Amino acid sequence: METIPNEGFPRIAACEPTCVKVEPGKIYSWCSCGLSQKAPFCDGSHKKIEGMPYRSIKVQFTEPAEVWFCECKHTKTPPYCDGSHKECCKEQVK
Ligand code: FES
């Protein structure tokens, strides 16, 4: 198991949200740590880091919809984008 200091988590996976056409009844497992290679969804990467406090957040929908999933991982309304990327990505988008 890898040991990485918790500093720097959650990682910013991208500085823009991803729009996904969701299907009713399907479970979507959103990555909250930022390490997943299947962003915006969890691929289990958080399990490789000892003491990782960030785990996937699962959501399910009753209707088909277009959903904006947060990729910066700093949203205050996980797993949805709330515009927080404008603040946390400021340094990267100069
Ligand atoms: S991508 Fe994270 S708040 Fe918009």
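Visitor: Leaving aside neighbours within four places in sequence, which residues is Cys-70 in contact with?
Guide: This is a predicted model. Neighbours of Cys-70 within four places in sequence are set aside here. What remains is Trp-30, Pro-40, Thr-75, Pro-79, Tyr-80 and Cys-81.

Visitor: Which strands each supply at least two residues of the largest nonpolar core?
Guide: That core has eleven residues, Cys-70 and Trp-30 among them. Others include Val-20, Val-22, Tyr-28, Phe-61, Val-67 and Phe-69. The strands that each supply at least two are strand 1 (18-22), strand 2 (27-30) and strand 4 (65-69).

Visitor: How many residues does the other core have?
Guide: This core lies apart from the largest one. Its members include Cys-31, Cys-33, Leu-35 and Ile-49. The count is six residues.

Visitor: Pro-40 is in contact with Cys-70; what kind of peptide bond joins Ala-39 and Pro-40?
Guide: Pro-40 sits in the loop between strand 2 and strand 3 (57-60). Omega for the Ala-39 to Pro-40 bond is about 10 degrees. The bond is cis.

Visitor: Where does Pro-79 lie?
Guide: Pro-79 is another contact of Cys-70. A cis peptide bond joins Pro-78 and Pro-79, with omega of about 10 degrees. The location of Pro-79 is the loop between strand 4 and helix 1 (85-88).

Visitor: Is Lys-73 buried or exposed?
Guide: Lys-73 is placed in the loop between strand 4 and helix 1. Lys-73 is not a glycine, yet its phi is positive, about 70 degrees. Its relative accessible area is 5%. The cut-off is under 20%, so Lys-73 counts as buried.

Note on methods:
Residues numbered from 1 in each chain as written. Predicted model: local features only at pLDDT ≥ 70, side-chain atom pairs only at ≥ 80, totals over all residues. Heavy atoms only, no water. Core = buried A, V, L, I, M, F, W, Y, C linked by side-chain atoms within 4.5 Å. Buried < 20%, exposed > 50% of the residue type's maximum accessible area, 1.4 Å probe, protein only. Helix = DSSP H or I, 4+ residues; strand = E, 2+ residues; numbered from the N terminus. Contact = heavy atoms within 4.5 Å.
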